[in-house]
Protein chains: 2
Amino acid sequence: MTIPRAKSGAQLLDRAVALLDLVADGNSEGETLKSLCERSNLNKPTCHRILNALVEHGLLNRDPEGRRYRLGTKLMVFGAKAANGPGLRSQCQPALERMRRTTGETAMLMARDGDDSVCIDRYDGDCLLQTLTGSIGGSVPLGVGPGSLAMLAFLPEEQCEEIVARNRPRIAAYPALSDERLWQLIEQTRVQGYALDSGELLPGVAGISMPLHVVETGPIASLSLTFLSARLTPELIERYVALLREEIALIEPYLNPLDRRLTSPERVLGQH
Amino acid sequence: MTIPRAKSGAQLLDRAVALLDLVADGNSEGETLKSLCERSNLNKPTCHRILNALVEHGLLNRDPEGRRYRLGTKLMVFGAKAANGPGLRSQCQPALERMRRTTGETAMLMARDGDDSVCIDRYDGDCLLQTLTGSIGGSVPLGVGPGSLAMLAFLPEEQCEEIVARNRPRIAAYPALSDERLWQLIEQTRVQGYALDSGELLPGVAGISMPLHVVETGPIASLSLTFLSARLTPELIERYVALLREEIALIEPYLNPLDRRLTSPERVLGQH
DNA sequence: TTTAATATTCCATATTATGGAATATCGAAG
DNA sequence: CTTCGATATTCCATAATATGGAATATTAAA
């Protein structure tokens, strides 16, 4: 791993965040010092020092048994606060709750995280279904599954291609998703305005998803409904797409607060 | 604010975490550079540099408008993963779900965060109630409300006193909670083994809570049930306390993985 | 347009983090 | 119980990094 450097001179931070990333990406059993050293290309003392500082600050926890490092409680707290503030979760919670209630399906909120898509919130439907991301916090490469496809497809073409290229090896783990099929789905999603998986990835589990757009930034998240593919009919799709569109229309204005410059008196005068 | 130094030499990290804390503590509108400089006792360039490095790494986001700093998307992702893994949330989710289902009340999971108590997860009951912490991510000073009281009361006496002393000014915002009354409640919680608020803090809203203990660390979280105080009867308390006790008995073993040294052959032999 | 307030950049310097080497601890095998 | 290999932790002189005062730029208000 090559640790990405921030423009600001803050190497220690770069390294600390890189280590957090490595721990986050690892399995939930936690990561050993050795493994983190190797994967980060940091030497033992440096790695050890930073990891322990992170532990002292509560960003990491440490399994006293196996001497393994895991994400810490404080991150839970930060995460909860971040998701809550003017963050996505609080904005979308009513929508998820309504969708869950009126359809009885599983409603999910996914957010983009680099080349991945992460489940931020989830309201389980009447029928408990397995999903690609599992529960909250689970992630998939962008492109896999309707929730992530909905974001990927609406990124600028160039970025989209780069991401697909980078994710190719990881997408290969899904045999149903050939390169050709992926581009087909992307194209289809763009044309239709929503992403649909009729049960290709997880047999029997279908999903519909639409992106949440932020101006100048693009799709940052998506809302999805997941249900048994046996129930998939054109009417159902139509109904759920309409529902998603409706809920998104309610949320997007809050994600795109009006740019004051566009409405300030000066600017209005300037338009004369 | 005096920035806490880690034993390991990692001042930059200390400062970065301190800034994250300040942003997390601030309101959800975000914090300005100036305010963060003042509150952290860091000078402008240093503060600016660290904040922007955090932004580059996605731990903070920045409001392009008001130039304010907020908790970033990546923290949401980390938080979700932390809460999910062998973290509290995933351990407690089934319990919350069961409690919510069998009682129809609002079930909450709170975790300790320094002198505060944060809502990590919440399953709303049939009747939507206002709670002290609001939704997920909300926090209250330790001591305010049954969920936080359940943790505070079972901390070592000394720590408990220190926290109460530090939190005094913030607790003053709750007129119903005089110093005397707080200590009464702490004592009562210790004796009963559970914390009870019969509607003192939020008129009409009652709550019962019990702590989750980790050996050597103490109470790190609590499970609570919240309901209309009008429905509060001794029988209801008894039933809910039994339910909480039951669920906690199921969770605690997983939070306290058996210390292998205590069960290893050597040790068994050693006990002869 | 001017002014005050806030944010950003610069850069020589002092302070900090670095990492090789030594040491300690753990766990498995004999 | 002892040995041995592997992993984790500590030490410290040095190199490299972050620091912060001062200068500059940007923004919002007057």
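**Close-up 1. Arg49(B) reaches a phosphate of DNA strand D.** In this predicted model, an N or O atom in the side chain of Arg49(B) sits 2.7 Å from a phosphate oxygen of DNA strand D. Chain A has phosphate contacts to look for too, but here the backbone does the job. A polar backbone atom of Gln11(A) is 2.3 Å from a phosphate oxygen of the strand, and a polar backbone atom of Lys34(A) is 2.9 Å from a phosphate oxygen of DNA strand D.

**Close-up 2. The protein surface near DNA strand D is built from 20 residues.** Which of them come nearest to the strand? They are Gln11(A), Arg67(A), Arg15(B), Asn43(B) and Arg49(B). On the DNA side, sugar and phosphate make up 77% of the strand D atoms that come within 4 Å of the protein. Sort the surface residues by class and you get 7 nonpolar, 6 polar and 7 charged. Several helices pitch in with at least two residues each: H1 (11-25), H2 (33-40) and H3 (44-56) from chain A, plus H1 (11-25) and H3 (44-56) from chain B.

**Close-up 3. Helices H1(B) and H3(B) cross at roughly 75°.** Now zoom in on two of the chain B helices that help form the surface near DNA strand D. Their axes come within 10 Å. Angles from 65 to 115 degrees count as roughly perpendicular, so that is how H1(B) and H3(B) lie relative to each other. H1(B) brings Leu12(B), Arg15(B), Ala16(B), Leu19(B) and Leu20(B) to the contact, where they meet Thr46(B), Cys47(B), Ile50(B), Leu51(B) and Leu54(B) of H3(B). By class, that gives 8 nonpolar residues, 1 polar and 1 charged. Arg15(B) turns up in this helix contact and is also one of the residues that come nearest to DNA strand D.

**Close-up 4. Helices H5(B) and H9(B) pack with their axes 10 Å apart.** H5 covers residues 88-103 of chain B and H9 covers residues 234-255 of chain B, and the angle between them is about 160°. Anything over 145 counts as roughly antiparallel, which means H5(B) gets that label relative to H9(B). Is the crossing left-handed or right-handed? H5(B) passes H9(B) in a right-handed crossing. Residues from H5(B) in the contact include Leu88(B), Cys92(B), Ala95(B) and Met99(B), while those from H9(B) include Tyr240(B), Leu243(B), Leu244(B) and Ile251(B). Counted by class, the contact of H5(B) with H9(B) has 11 nonpolar, 3 polar and 2 charged residues.

Definitions and conventions: Residues numbered from 1 in each chain as written. Chains lettered and ligands numbered in written order. Predicted model: local features only at pLDDT ≥ 70, side-chain atom pairs only at ≥ 80, totals over all residues. Heavy atoms only, no water. Near = heavy atom within 4 Å. Polar contact = N/O pair within 3.5 Å; in protein donor to acceptor, adjacent residues only side chain to side chain. Helix = DSSP H or I, 4+ residues; strand = E, 2+ residues; numbered from the N terminus. Nonpolar A, V, L, I, M, F, W, Y, C, P; charged D, E, K, R; others polar. Axes fitted to C-alpha atoms, helices over the stretch in contact; angles between N-to-C directions. Parallel < 35°, antiparallel > 145°, perpendicular 65-115°, else oblique. Left-handed = near helix turned anticlockwise from the far one by under 90°. Contact = heavy atoms within 4.5 Å.
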